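Colleague: Please take a close look at one part of this model, the packing of its interior, and begin with a loop position beside it in your account. I would like the cut-offs stated as you go.

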Amino acid sequence: MIIANFKSNIVDYQIWVRDFMNSCPPVEFYVGMAPPFIYFFDNYVSRLEFWSNRDESDHDMWNMHIGAQDADHSSGSRTGAISVGMLEQHAIAFVIIGHSERREFFHEDNDLIRKKIHAVNGSKLRPILCIGETKEENKEGITKDVLKNQLEVIDGLELGKNFTIAYEPVWAIGSGLTPEPKDINDIHKYIKDVVQSISANNLVPDVIYGGSVTNKNAKSFFIEEFVDGALVGGASLDGSTFGEIVNIWELIYNTSETR
Ligand code: PGA
């Protein structure tokens with residue numbers, strides 16, 4: 001599963017969609033793009049999704065899903081908010097919850113993230129819960145404790161089978177720095193084990209990696225056993241580069257039976 005997170009960047013979707021389609025043949029696995037809400041119904045974005053969803057021929061499908069970068073847990077008197085229910089009404093496929101930029105700049109804490117995750121988990125949308133440690137926490141050697149604490153928001157919850165975690169070390173986001181692939185693999189295994197033990201239905205979730213993934217380093221992460229894909233920020237802003245990353249996953253996906 002490869003997801004583009006456009007964050008709050010201004011992107012020309014006509015150029016992006018053209019470049020993406022030129023660099024990437026249709027693939028069967030889950031590819032997602034998360035533009036800001038206002039671009040959901042951009043002509044080019046919705047046309048790409050339309051092409052993805054047509055069912056005339058299996059070979060011609062990109063399997064592209066449109067998702068949100070955040071959602072509010074409730075509807076009603078909440079000025080400015082876009083709720084999970086609204087996204088569901090418009091058949092949006094997935095939603096990212098708890099991104100570290102939401103935690104840092106918008107002061108989202110575990111209590112709020114818990115409410116959001118509960119709302120998404122009961123909906124038709126695929127939840128992508130972001131967790132990750134800061135540089136200081138990493139240096140202190142408390143990464144696993146931090147992740148476990150962030151995962152408490154799903155304690156006792158019966159998780160949908162498409163429930164997804166994005167492991168995104170805060171210090172790796174947008175910095176060009178990344179953990180060693182084998183360390184990412186170890187953390188992903190840990191996350192799967194924790195989620196399995198604390199969720200009501202013992203679900204083993206998909207765990208994707210995010211933090212300075214590029215077309216140059218993607219392969220080193222993708223070959224790791226417990227890496228189920230990537231959440232790509234900066235390198236997704238160029239349609240061809242994102243297409244190359246999708247192609248790299250395709251190579252790995254086609255040679256592995258588990259993916
Ligand atoms: P990055 O962002 O790829 O630019 O590091 C990833 C993310 O924040 O999801």
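**A loop serine, the cores and a lysine**

Modeller: S212 is placed in the loop between strand 7 (206–210) and helix 9 (218–222), where helices (H or I, at least four residues) and strands (E, at least two) are DSSP runs numbered from the N terminus. This is a predicted model, in which local features need pLDDT of at least 70 and side-chain atom pairs count only at pLDDT 80 or more, whereas totals for chains, interfaces and linings use all residues. Residues are numbered from 1 along each chain as its sequence is written, and side-chain values use heavy atoms, with hydrogens and water left out.

Although S212 is not a glycine, its phi is positive, near 55 degrees, and the residue is buried at a relative accessible area of 16% (buried is under 20%, exposed over 50% and partly exposed in between, with a 1.4 Å probe and protein chains only).

Turning to the interior, the largest nonpolar core (buried Ala, Val, Leu, Ile, Met, Phe, Trp, Tyr and Cys joined through side-chain atoms within 4.5 Å) has 66 residues, and I154 and F222 have the most contacts inside it. Helix 8 (residues 181–198) gives the most to this core, namely seven residues. Beyond four places in sequence, I154 is in contact (heavy atoms within 4.5 Å) with residues including I117, L129, F163 and V195. Another core, of twelve residues, lies apart from the largest one, and Y30, I128, C130 and A166 are among its members.

A charged-type side chain is worth adding: K116, in helix 5 (residues 110–121), is buried at a relative accessible area of 4%, and its neighbours beyond four places in sequence include D70, I97 and E108.
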